[in-house]
Structures are given as structure tokens and as C-alpha cells.
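Visitor: Mind walking me through this one? I'll throw questions at you as they come up.

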2 protein chains.
Amino acid sequence: MSRNFILKGNIVHTPESNCLVVRENAHVVCEDGVCRGVFDKIPECYGALPVVDCGDKMILPGMVDLHIHAAQYAYRGTGMDYELMDWLENIAFPEEMRYADAAYALKAYTQFAERLKASATTRAVIFGTVHADATLTLMNCMEKSGLVSYVGKVNMDRYAPPGLTEDHADGVGADTRRFIEKCLGRGYRRTKPIITPRFVPCCTDALMAALGDIRREYGLPVQSHLSENPDEVQAVARLAPQAEFYGDAYDRFGLFGRESNTVMAHCVYSTPSEIKRIKRNGVWVAHCPSSNMNIASGIAPVRRYMDEGLRIGLGSDVAGGTVESVFRAVTDAIQVSKLYWRYIDSGAKPLTFPEALYLATKGGGSFFGRVGSFEEGYAFDALVLDDSAEPTPRPLPVRSRLERAFYLGLDRGGIEMKYVDGERLF
Amino acid sequence: MSRNFILKGNIVHTPESNCLVVRENAHVVCEDGVCRGVFDKIPECYGALPVVDCGDKMILPGMVDLHIHAAQYAYRGTGMDYELMDWLENIAFPEEMRYADAAYALKAYTQFAERLKASATTRAVIFGTVHADATLTLMNCMEKSGLVSYVGKVNMDRYAPPGLTEDHADGVGADTRRFIEKCLGRGYRRTKPIITPRFVPCCTDALMAALGDIRREYGLPVQSHLSENPDEVQAVARLAPQAEFYGDAYDRFGLFGRESNTVMAHCVYSTPSEIKRIKRNGVWVAHCPSSNMNIASGIAPVRRYMDEGLRIGLGSDVAGGTVESVFRAVTDAIQVSKLYWRYIDSGAKPLTFPEALYLATKGGGSFFGRVGSFEEGYAFDALVLDDSAEPTPRPLPVRSRLERAFYLGLDRGGIEMKYVDGERLF
């Protein structure tokens, strides 16, 4: 399949935060899977490329999901009357235990990957379970989907049910090492492993130290959870008394940014010292507004993080979040920022739609490199969005149609074409 | 069409708040449009009724939307970066002015009514605009839809653009009187007028007094807005200095419950005195969580209202809310109640799914009479919900499937049949 072509239509993207560029009836050029920019008229040097005319449809960058649990997809939208710690015990852990069963894992992960493929998401950072084999199955499914992803075998060796607790019989971290060797050996083009301590309460120092070693040895990125919920933050203070703050419990083991890309989900209750460290170490924050409401965690002070210049993207956090839609995460992020401004910090202006869209594209995209924009040199990840089924008594400007598509969730059913690195997935 | 039949399937309803009844593979009987109860085996006296076998699908009461603006449907999901007063001026009022144009009104209201018909909503309390003719057009469309609704011609005679300000040339309220005479003369079966002062800031005392007279004369219900936003509450204190509190500015003119059904949208900032009056006068509260987030108003203390024993239902409040889905209002109500508990009042327990479902059915349904439940004697308003397109690696219990349907918005596309008063709409 050729990765050299031009899409013509209403092109929208956010090259900078709070700067929504709308180019009607324009052209975006893809050369070898890389974006060559947006043009009103096709530049002469690209005159020979085939043009896909998308008419009045909208063309926008693919969505980046910085935090999603594949093994929780099966129970999405259920068990929402729990708070975090009870939810883990009663809902999340029992489901994750099912992934010891290879047939179940294959069935569940096939459904997950098919749904993610059909969604607006082009790149994702994904939690599996503690099971290495099941997580390899997940990676096969993701590779087949055409999406680009980081996938983590989860690590836990305390405060989890027996079936989900790491076996250190042949050395701490041995299982993770084997998992990484195996997946590196498979020659995936789009699917890469990521070091994944579940969160501090479930990992002993010995395990954290081993994961730090493995990370250094293989040069891998890291994902985990951080300062999500008051009870959890208290538990960490008890379980890692030597840490200055929650994030320091990762940093002490080389699992908190610096030389490797690290993404931390939530950061609802990060202290000033933690925020400083997040910034200094270049850690990405995965803001998961839907999940933070559902599990009654709270609202992350995203405006403050933006003012600080932190790296921020959005996460659907299925199944704390209920849907894989990053469109939904965009509007949720705006909605909760308004409540944050109203009730908690009147100096923290609500997020605008262009700002939230930026987080979902270029913000989170930076975890993957030059991703999430139609600027020259960016990976050509694109969605063609058809909103014509949505009735309107009068024509709306493209800017309004785009906002409407997000608030109405038109990603479900409205995505007509999807490209990742210039390859068309459908 | 016969209104005597039996639906067979997984029947769910909430006869009491926080009491979700699930009856698998059971029968719900409809006789002359009235529910005769849920039975595991068909009682002998109904043995002759035809049975519609819905298989493994779920059968639930229709949703009641206590607050929606038909004339704002056209711009749903757009202009969400504004707060209430700016949003009215820049988005809501300019759109509402278009309804002076009969052709526009017909086109827009036809789309609105068709969408509402396709939604989970079976009954609604609806705002039109100040235009009597356009609002009659809306009533025609609603009558045709098969839904039961109250529809209001909006009243405003100050602080609105000229095109939306009431003309008192032939007497204060004359326009509303003519509107009511006309629609009563049309012999609608399902569509009734409702007295609709927009809100205190837009209505002079003279207009309020006239509306109070008309209400008494015709014995009509009332709808309006109450204590939605801090700026608005301040404006009311300035504009109606004689009122003890916001709601008293309606009550002084006989537009606040007592002998006629009254529904007030929002009640985010109701004072203890106002809450007491709401209760004493039997006013319904239309809780509109999505709108309250979008226009940055806040979170209504619904748990406290429930504890007080107020009458409460849910409103989509399109287009402060972005979608007509009451399913969405249910999950939004739960989500914001968790933030309210977390940040504002730790004594206000988050809403559970059964509680929010109760508000959306029997809670709001009580505004229409015996509506919103499958108990004996209730109006037979029912949805048959098909969730089989949603993949799952293992069978889920009906309770979980129902919760999932709400959180995933399966009302869009998943409603296979819809009944109002025992008449099948599709």
C-alpha cells in the first residue's frame, strides 16, 4: 500500500495549545507516512501524488490514548458504584485473574483491539495483566490492528490476590525479562513493550529495583499510576516511608522519567514537590477525567500543569473510564476543568475546546515522537470524520461541526477512514 | 393499534429509589395502555393477550426529560467555551431569534422531534421560544412524534434582544393567552401547553403577574429556571429585591407549585429557605448535571434534596446539555455527585446507579402522574433495549448489562422498540 498521497477536505489541527487551525477545502500531504504540511493549493513537487477527495468531511489528527487497561475492557461501564480501592478488589482484580486462561485472553483482547481499531485512537499506552502469555496475546492483537502502541505486562508482588501476585521463584523480575525478550523477538512493527509497575502499593522495593534494572538494560519506557486518590496516596506514604512523595517512590528506582519516557496516569493529588519532579524529569501526565469522576478520585489541576509547562496527554483509562473514546475524554476534560475552576481554584481557567483537543493529539502524541499534528515532519496519523448523519437546520461552520462531533461522540460510527503512519487501516 | 399485550424479556425498573428490580425472562402486561405489573408466569386473566417475545433483551420504563430547549437543539454541542450569561447572549439568543421564520422553525423542530422520538425519552417538558406560531409548530411536531410532552411558549419582556422581547401592545400576556387558546383548540392527545417565564431576569413583575393569572385561569403547569449560576442569582437579587429568595420571585405571582405542577430547572444554589419552599409547595427539581458542567454553573446538591424528600427528576437541558440522551443524564448525575461528595460535602453520599435511574423514570415521571415504573396502574411507557452489538468475552448479568448500556450510551442505536401509554412508536 502506497504511503504517498494527498487528502483533500476540511483540515483541522492544533499545532499549538489553544490554537485551532481550520483549513477548509485544503490539502494535507503524506509522503512515506510522514506529513508534509497543509496547503490550499497542492505544491508543484507533490503534483504527481494521488488525491483522495473527502469532500465536506473533516480531516483531523488521530487521537492518542496515554492510559488504558486492555484487561478491564470486558467490564467497561459496570461496577461504577465503587471507589478506587474497593473497585480494585471487587471488580478489577477478579476480572484480571481470568487472563491466566489463554482462550479467554485471546477472545477478550481480540474484541478490545477490534474496538480500538474502530475508534478515533491511533496510538495508545496500554496495561495488560501480570500474565506474560496473555500480554503477548494482547500485543499480537494490537500489532494486527495497525495501531501504534506500548503494551505493558503488569507487575505486582504484594497486596493483590494470589493469582495476580508475581512469582519470584526464579528471580525477581525474571518473568518480565522473559516477556520482553519474547516480544522483542517477534519483530513487531508497531507494538513495543513498556515497563509497568502497577502502582507503588502493589510493588515491593525489590521488584521496583529489578524493574529499574530491566528498564536501563533494554532502554524501555515506563508507565504507572500516580497520586490518583486520597486513600491510595495515604497507603503509599505508609508503604514507602523513605520516599519524599509518591512519585519519588518510582524515581528512587529509576522509574520516573529522566533518560526514559515515562507516563504517569492521574496526578490528581500531586504535591508541589512532586509537580516539580514531574517537570524536572520530563514525565508525561495522563489526565483521565472520566475515570477520576467514576472512581470518585477527584479532578486533576490540569490548568496548573499546563501553566507549569508539564507534558500532558489524555487517557480514556478504561475501565475506570467507561469508553475507549478519546473524543469523550476531550469533553470530559473540559467539563471537569469548569467544576475545578468553580469550586476549587478560581485562578485555574477552564480548558477550552482547542486546548483539550491539543492534549488529545499533540500533547499525548509527543510521548511517541513527532505525532498529533499536521505540521511538516509529523507522523501521518489521520481521521476522516463524516458528520453528515447529524441533522442541522442550517449549515454550521467547520469549527462548530468539529466541537459538535466531540460533544456528541460522533467518533462512534462517524470515522470513515483512519491512517496511522500513512497506512490506511480502514 | 391494540394496547393490550404482554412483553416478555429481562424486565428492569426502580419502584423505589435505590431499589433496582431485575426480573429475568419475565412478563410485563399492558392493558388499555396501563401497566398491570410484572409476572414470572402470565396470570390466567391475561392468558388471551398476545405475547411479544423480546428474548434476552432488556425491557425498561421510558425516560422522562424534565427540561429541554427545543430551539437550542440546532446548536447542540457547540459554543461550550462560554459561561451562562455570555452563552445566552452569544449563542442561545441569536439562535432563538431564527424562530421568527416559520420555515426555519418547521425544519428545525421536525429534526428535533424526530430525534427525540428515536431517543430513550418517552415524556418531556419542553421550552420553545417567545414566538407563538413557532411554538405551535413545535407542538404539532411533538404530537406527531407520539411522545407525551408539555410545551411552553417562552415569556421575556426585558434583558433580551429586541426580536425576543414580548410585545405588550395589546395587553401584557395577550400573546400567551392566544397561544394557549390555539393549542387547546387543536385537540392534541399528547401535547399540552405549560406556562413558561424564561427566568426572573427576563420577566418584569407585570409579566409575571399576567402569567400567574393565566395559569390560574387555565389550570396549567409551570416551568422555569431557578438558582442555576452565581451571577444569575446575584442578578435576581438586584432585579427582584422584594423577593425573599430567587424562588420567592416566582411564588409571589403564583408560579411556584402549590395548586399547579411546577418544575424548576437546576437548583444548584438554592438556599435553605428556598429548599424549604420548594418542598412545601411541592415543586419538582429538574437536575441537569451535564448543562451545569458545560455552562460552568456547578453541581446541584441532589443527595441533600433526596434526603429532604423533594420531588426530583433529570433534564438533558439541551443545549446547555449537548445531547438529548437521558441515559447520559443518568451517568452524569452519578459522576458529578461523586465530585460533590469528594470536594464539597463529604456527608452527601454519591448517587448510585439505581438511584439515578429512579430519578430518570419514576422521579421525573411523577410530574406526569403515574409514570416511570412497571407497577400496577402505571402508564405503559417502555423501551426494549438491544445490547447484543456490544461485544463481551463472557456473559454479563442483566444488572451489569443495564448499567453498561447507560454508561456506554447504548440508547443511541440500541432501542429496538418504544411504547408510550401502550402505543408502539417504533
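Visitor: What does Glu423(A) form with Arg190(A), and how far apart are the closest N and O atoms?
Guide: Glu423(A) forms a salt bridge with Arg190(A), with the closest N and O atoms 2.7 Å apart. A salt bridge here is a side-chain nitrogen of Lys or Arg within 4 Å of a carboxyl oxygen of Asp or Glu. Glu423(A) sits in strand β17 (residues 423–424) of chain A and Arg190(A) in the loop between α4 and β9 (191–193) of chain A, so the pair ties together parts 233 residues apart in sequence. Helices (H or I, at least four residues) and strands (E, at least two) are DSSP runs, numbered from the N terminus.

Visitor: Are Glu423(A) and Arg190(A) buried or exposed?
Guide: Glu423(A) is buried, and so is Arg190(A). Buried means under 20% relative accessible area, exposed over 50%, and partly exposed in between (1.4 Å probe, protein chains only).

Visitor: And what am I looking at, provenance-wise?
Guide: It's a predicted model: local features need pLDDT of at least 70, side-chain atom pairs count only at pLDDT 80 or more, and totals for chains, interfaces and linings use all residues. Side-chain values use heavy atoms, with hydrogens and water left out; residues are numbered from 1 along each chain as its sequence is written, while chains are lettered from A and ligands numbered from 1 in the order in which they are written.

Visitor: How many salt bridges are there over all chains?
Guide: The count comes to 70 by this rule. One of them joins the side chains of Lys182(A) and Asp133(A), at 3.9 Å from N to O. Lys182(A) is in helix α4 (residues 174–185) of chain A and Asp133(A) in helix α3 (residues 132–145) of chain A, so that pair ties together parts 49 residues apart in sequence. Lys182(A) is partly exposed at 45% relative accessible area, and Asp133(A) is exposed at 55%.

Visitor: Which residues are linked in a network of salt bridges?
Guide: That would be Glu244(A), Asp248(A), Asp251(A), Arg258(A) and Arg277(A).

Visitor: Switching to the interface. How many residues does the contact take from each chain?
Guide: The contact takes 60 residues from chain B and 60 residues from chain A, where contact means heavy atoms within 4.5 Å. About 5000 Å² is buried between chain B and chain A, and carbon and sulfur atoms give 48% of it. Tyr343(B), Pro393(B) and Arg412(B) supply 13% of the area that chain B buries against chain A, more than any other three residues. Buried area is the accessible area (1.4 Å probe) that two parts lose on being put together, summed over both.

Visitor: What about polar stuff across the interface?
Guide: The rule finds 39 residue pairs in polar contact across the interface of chain B and chain A, both residues at pLDDT 80 or more. A polar contact is a pair of N or O atoms within 3.5 Å; within protein, one must be able to donate a hydrogen and the other to accept it, and residues adjacent in sequence count only if both atoms are side-chain atoms. The largest share of the side of chain B that touches chain A, nine residues, comes from α11(B). There are also eight salt bridges across the interface, including Asp81(A) with Arg399(B), whose closest N and O atoms are 3.8 Å apart.

Visitor: Which residues does Thr78(A) touch?
Guide: Leaving out residues up to four places away in sequence, Thr78(A) touches Ser400(B), Glu403(B) and Arg404(B). Thr78(A) is in the loop between β5 (63–69) and α1 (84–97) of chain A, and is buried at 6% relative accessible area. A polar atom of the Thr78(A) side chain lies 2.8 Å from the backbone oxygen of Tyr75(A).

Visitor: Any odd backbone geometry I should look at?
Guide: A cis peptide bond joins Val318(A) and Ala319(A), with omega about 10°. In chain B, the peptide bond from Val318(B) to Ala319(B) is cis too, with omega near 10°. Then there's Asp317(A), which has a positive phi of about 45° although it is not a glycine.

Visitor: Why flag those?
Guide: Because most residues other than glycine have a negative phi, and most peptide bonds are trans.

Visitor: Where is Asp317(A), and is it buried or exposed?
Guide: Asp317(A) is in the loop between β14 and α11 of chain A, and counts as buried at 3% relative accessibility.
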